[in-house]
4 protein chains.
Amino acid sequence: MQAPDFSMEVQISFGHCDPAGIVFYPNYFRWFDRCFHSFLQKAAGGHRKLCRDLDAQGIGLMDVHAKFLSPALDGDLMTLELRLQEWGDKTLTLDYLGRIGDRHVVRGTELRGMFIRRDGRMRAGEMAPLRAALGLTAPV
Amino acid sequence: MQAPDFSMEVQISFGHCDPAGIVFYPNYFRWFDRCFHSFLQKAAGGHRKLCRDLDAQGIGLMDVHAKFLSPALDGDLMTLELRLQEWGDKTLTLDYLGRIGDRHVVRGTELRGMFIRRDGRMRAGEMAPLRAALGLTAPV
Amino acid sequence: MQAPDFSMEVQISFGHCDPAGIVFYPNYFRWFDRCFHSFLQKAAGGHRKLCRDLDAQGIGLMDVHAKFLSPALDGDLMTLELRLQEWGDKTLTLDYLGRIGDRHVVRGTELRGMFIRRDGRMRAGEMAPLRAALGLTAPV
Amino acid sequence: MQAPDFSMEVQISFGHCDPAGIVFYPNYFRWFDRCFHSFLQKAAGGHRKLCRDLDAQGIGLMDVHAKFLSPALDGDLMTLELRLQEWGDKTLTLDYLGRIGDRHVVRGTELRGMFIRRDGRMRAGEMAPLRAALGLTAPV
């Protein structure tokens with residue numbers, strides 16, 4: 001597996017967990033989203049700046065999928081890795097892996113588009129300008 | 001105690017609760033906020049419309065307080081009551097009571113202001129226009 | 001499409017939305033989960049009672065997928081429909097459709113298992129007892 | 001002001017913010033709670049271990065208060081400081097300060113108790129054993 005394009009640590013806390021004592025699953029998606037936005041922050045000054053520069057409304061979700069491989073508990077330190085998996089003309093596929101040490105906890109995929117307003121309607125814009133703004137002109 | 005100005009029901013669910021099996025406390029504030037916004041929706045077409053009409057950035061929090069009187073669990077149906085407690089020149093105090101049947105669960109107070117942009121700075125605006133937009137010109 | 005096995009209404013509020021003004025996507029999964037738990041509440045007295053009766057730790061997630069078809073905003077009333085799609089020996093597939101009037105907002109699938117502790121380890125248990133407890137002995 | 005007893009950093013992200021572009025206020029309480037639990041993790045092996053050692057159900061909230069002093073936005077890095085403010089016989093008062101550089105964002109107070117089950121009822125237990133478990137036998 002290629003090296004991650006970005007990673008962050010998530011200290012699993014009491015409030016992330018449900019009465020079964022394990023992470024309440026929607027939290028994983030909050031962390032996926034935060035990981036992507038932290039990547040944008042580091043790579044290109046953040047989502048707000050990118051949207052302003054690229055005249056976009058947002059870099060949002062079209063589709064998401066996750067598998068829950070093992071539970072995470074209060075006190076666990078999870079490493080969340082982000083990989084840019086594939087650029088389409090109007091889509092970006094992101095791969096996420098959450099692990100506690102070597103144990104895989106969650107694996108997921110986000111499909112994102114860049115939404116622009118044109119002729120009074122929202123449309124999926126071309127990804128080439130985003131890719132350039134991230135300094136990724138060569139194939140990923 | 002006066003009749004509530006607005007109330008809503010919250011069906012307490014598994015995902016609202018923590019490993020101790022009771023509601024994770026920040027959720028109560030999500031419900032306070034939702035109750036206030038639902039009140040605005042019903043009374044005056046919602047927060048977005050009000051902000052547009054009153055040229056405001058938002059009707060936001062300055063201060064909040066809550067007491068947790070008894071626990072709420074998965075499966076409980078909580079009634080959340082909102083009372084407009086006091087209008088100041090630039091503030092509105094809201095009182096919240098969450099109860100399960102007659103049992104009091106949470107009691108709280110939000111102090112809100114209406115934020116407007118003037119001379120390039122954010123300021124707390126006068127409350128009189130909001131009060132009028134809510135159809136409350138007489139003392140509450 | 002078959003009639004839903006359960007449905008609930010979600011009043012989209014200010015606090016569910018992000019700086020782009022649309023629902024922050026992890027919230028949809030909180031609503032999927034709440035919809036399933038509300039269904040359990042209505043059909044069989046709730047998750048806690050079911051786990052006690054069936055000697056299970058929880059009826060949790062193995063896999064989830066969602067497509068975001070159109071945005072939902074503050075003030076929208078979303079109807080969320082749950083359909084029991086398929087029972088496997090050790091899995092239950094749930095289909096979700098969120099719509100605002102006739103406009104589809106989100107479509108998703110949860111794959112759930114019933115986790116039991118046996119010989120000191122967590123395992124996916126047989127689904128037949130859950131299906132019977134829900135009063136669904138015939139094919140869905 | 002005394003040095004903090006614990007502090008953590010919160011990278012403010014897109015998903016923490018509301019349509020006004022600033023942090024949705026209930027998130028501050030999620031961070032207060034996480035800060036307290038991270039402090040317990042560091043000082044005494046975490047909430048779960050403490051509850052087991054002290055035969056308690058949880059170290060939970062009785063009362064909370066916060067003032068919102070200035071807004072936090074996507075991209076801001078907030079430092080959240082925790083101070084143990086006062087031990088009562090059956091209460092612990094915690095003081096929180098969130099700041100971005102020198103700018104104060106939020107200031108809050110949690111009043112917590114340690115809940116124990118005795119004679120079939122939940123009661124607030126003595127704080128002395130918790131204080132000792134945290135290695136704080138002298139007055140704070």
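In the predicted model, A:Ala66 has C:Val64 as its bridge partner in strand E2 of chain C. This pair belongs to the pairing of strand E2 of chain A, residues 58–68, with E2(C), which is antiparallel and extends over five bridges.

The contact between the two chains draws on 19 residues from chain C and 19 residues from chain A. The size of an interface is often given as the accessible area lost when the parts come together. For chain C and chain A, the buried area amounts to about 1,500 Å², and carbon and sulfur atoms account for 61% of this area.

Polar interactions were also enumerated. Ten residue pairs, both members at pLDDT 80 or more, are in polar contact between chain C and chain A. On the side of chain C that touches chain A, the elements contributing two or more residues are helix H1 (26–44), strand E2 (58–68) and strand E5 (103–118) of chain C. The greatest contribution to this side comes from E2(C), with eight residues. Classified by residue type, the side of chain C that touches chain A comprises eleven nonpolar, two polar and six charged residues. Two salt bridges are counted between chain C and chain A. A salt bridge joins the side chains of A:Lys67 and C:Asp63, with an N to O distance of 3.0 Å. C:Asp63 lies within the residue range of strand E2 (58–68) of chain C, and A:Lys67 within that of strand E2 (residues 58–68) of chain A.

The relation between chain B and chain D was examined by superposition. A turn of 180° with a shift of 0.0 Å along the axis lays chain B on chain D with an RMSD of 0.0 Å. The two copies are therefore related as by a two-fold rotation axis. The contact residues of chain B recur in chain D to 100%, and the same surface thus serves both copies. Among the residues of chain B, the closest approach to the rotation axis is that of B:His65, whose C-alpha lies at 2.1 Å.

At the level of the single chain, chain A contains three helices and six strands. Read from the N terminus, the elements of chain A follow the order β-α-α-β-β-β-β-β-α. The C-alpha trace of chain A spans about 50 × 30 × 25 Å along its principal axes. Within this chain, strand E2 is the element that pairs with E2(C).

Terms used:
Residues are numbered from 1 along each chain as its sequence is written. Chains are lettered from A and ligands numbered from 1 in the order in which they are written. This is a predicted model: local features need pLDDT of at least 70, side-chain atom pairs count only at pLDDT 80 or more; totals for chains, interfaces and linings use all residues. Side-chain values use heavy atoms; hydrogens and water are left out. Contact means heavy atoms within 4.5 Å. Buried area is the accessible area (1.4 Å probe) that two parts lose on being put together, summed over both. A salt bridge is a side-chain nitrogen of Lys or Arg within 4 Å of a carboxyl oxygen of Asp or Glu. A polar contact is a pair of N or O atoms within 3.5 Å; within protein, one must be able to donate a hydrogen and the other to accept it, and residues adjacent in sequence count only if both atoms are side-chain atoms. Helices (H or I, at least four residues) and strands (E, at least two) are DSSP runs, numbered from the N terminus. Ala, Val, Leu, Ile, Met, Phe, Trp, Tyr, Cys and Pro count as nonpolar, Asp, Glu, Lys and Arg as charged, and the others, Gly among them, as polar. Two strands pair if DSSP finds at least two bridges between them. Copies are superposed by least squares on the C-alpha atoms of residues with pLDDT of at least 70 in both.
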